[in-house]
2 protein chains.
Amino acid sequence: MRIFNHSTAETHRASDVEVARWEQFGIGNAMPFGAMWYTVPAGATTSPDRHPEMELSVVVAGCGAVRAGDSVSIVAAGDAFLIDGDETHLVHNLSPDPLLVFSAYWLVERNAVGPRGEVASDA
Amino acid sequence: MRIFNHSTAETHRASDVEVARWEQFGIGNAMPFGAMWYTVPAGATTSPDRHPEMELSVVVAGCGAVRAGDSVSIVAAGDAFLIDGDETHLVHNLSPDPLLVFSAYWLVERNAVGPRGEVASDA
């Protein structure tokens, strides 16, 4: 078993958002996806993002509004949202506390999973 | 974008544990892993589980003790734990509230990701 502790993970800032990428754990070959946590401060919004990977995000704490294309949805702790490859998206924190999200992302080629063990590092 | 709402998902009970498997969303082919939420009541412990799939669990709410093999670790909301294939594991809820976990699981063959799009349904 391996434990990944959110509160002690190394993070970097991307504008207002604190990002902890799982490359730091050196387990990329064991997982069919890349992963990260990100934290959006109260009232803040992530920069619009777009990448070829599909991305599944699970809200761990807080409540937010997710925009993807022309669609906006409200998500709360426990909910998840799946962003298609090349779908522009952003997340706005609606809660008075930090919005914490766990995301997994992977490349899809012609509706199939990418090459064995391939994970992306630039989602 | 697709939203997966934890509070409205269909669940079934496996002893004390409430399980919401993502097969109900019909997106298995889009993801390189199977997924579920599970909820452990206050003070309860899951049955020991063992399956060939690796399993990455993200704690969404609560605090628990995870046993895998001879190792026990404490995990809280935001933390994650990775169980190897065929590693016997169980989770005990240490918090006074339900322990909510999101899990992703996938088959690994000889340290490589399984066949394209293959996800397991019996993790």
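These legends go with a set of close-up views of a predicted model.

**View 1. Chain A, an all-strand chain from end to end.**
If you are looking for helices in chain A, there are zero, against 12 strands. Reading from the N terminus, the order of elements is simply β-β-β-β-β-β-β-β-β-β-β-β. Chain A has 123 residues, and 48% of them count as buried. Take the contacts in chain A between residues at least 6 apart in sequence: 63% of these join residues at least 24 apart. On the outside, chain A exposes about 5,400 Å², with carbon and sulfur atoms supplying 49% of that area.

**View 2. The loop with A:S15, between strand 2 and strand 3 of chain A.**
Here we zoom in on the backbone. A:S15 sits in the loop that links strand 2 (12-14) to strand 3 (17-21). What is the sign of phi at A:S15, a residue other than glycine? The value is positive, near 45°. A:S15 has a relative accessible area of 52%, and because the cut-off for exposed is over 50%, A:S15 falls in the exposed class. Chain B has its own entry for this view: B:S15 is in the loop between strand 2 (12-14) and strand 3 (17-21) of chain B. B:S15 is not a glycine either, and its phi is positive at about 45°.

**View 3. A salt bridge in chain A, A:R13 with A:E18.**
Stay in this part of chain A and turn to the side chains. A:R13 and A:E18 form a salt bridge, and their closest N and O atoms are 3.0 Å apart. How exposed are the two partners? A:R13 is exposed, at a relative accessible area of 56%. A:E18 is partly exposed, since its relative accessible area is 24%, which lies between the 20% and 50% cut-offs.

**View 4. The salt bridge in chain B, B:R13 with B:E18.**
In chain B, the side chains of B:R13 and B:E18 meet in a salt bridge, with 3.0 Å from N to O. B:R13 counts as exposed at 55% relative accessibility, while B:E18 counts as partly exposed at 25%. How many salt bridges are there over all chains? The count comes to two.

**View 5. The interface of chain A and chain B.**
Now for the place where the chains meet. The size of an interface is often given as the accessible area lost when the parts come together. For chain A and chain B the buried area is about 3,300 Å², with 67% of it on carbon and sulfur atoms. Several strands of chain A each supply at least two residues to the side that touches chain B: strand 1 (2-4), strand 5 (54-61), strand 6 (63-68), strand 7 (71-76), strand 8 (80-83), strand 10 (99-106) and strand 12 (112-113). Which strand of chain A gives the most to this side? Strand 5 does, with five residues. By residue type, the side of chain A that touches chain B divides into 30 nonpolar, nine polar and four charged residues. Each chain brings 43 residues to the contact. As for specific pairings, zero salt bridges cross the interface, but 12 residue pairs are in polar contact across it.

**View 6. A:S57 in strand 5 of chain A.**
Strand 5 comes up again here, as the home of A:S57. Is A:S57 buried or exposed? A:S57 is buried, because its relative accessible area is 1%, and the cut-off for buried is under 20%. The side chain of A:S57 makes a polar contact with the side chain of A:S103, at 2.6 Å. Leaving out residues up to four places away in sequence, A:S57 touches A:Y38, A:D79, A:A80, A:F81, A:V101, A:F102 and A:S103.

**View 7. B:A65 in strand 6 of chain B.**
The last close-up moves to chain B, where B:A65 is part of strand 6 (residues 63-68). B:A65 counts as buried, with 12% relative accessibility. What does B:A65 touch, not counting residues up to four places away in sequence? The neighbors are B:V72, B:S73, B:I74, B:L90, B:V91, B:H92 and B:L94. For a sense of scale, B:A65 and B:S95 are 30 residues apart in sequence, and their C-alpha atoms are 9.8 Å apart in space.

Key
Residues numbered from 1 in each chain as written. Chains lettered and ligands numbered in written order. Predicted model: local features only at pLDDT ≥ 70, side-chain atom pairs only at ≥ 80, totals over all residues. Heavy atoms only, no water. Helix = DSSP H or I, 4+ residues; strand = E, 2+ residues; numbered from the N terminus. Buried < 20%, exposed > 50% of the residue type's maximum accessible area, 1.4 Å probe, protein only. Contact = heavy atoms within 4.5 Å. Areas by Shrake-Rupley, 256 points an atom, 1.4 Å probe, with all protein chains shown as cover. Buried area = accessible area lost by both parts, 1.4 Å probe. Salt bridge = Lys/Arg side-chain N within 4 Å of Asp/Glu carboxyl O. Polar contact = N/O pair within 3.5 Å; in protein donor to acceptor, adjacent residues only side chain to side chain. Nonpolar A, V, L, I, M, F, W, Y, C, P; charged D, E, K, R; others polar.
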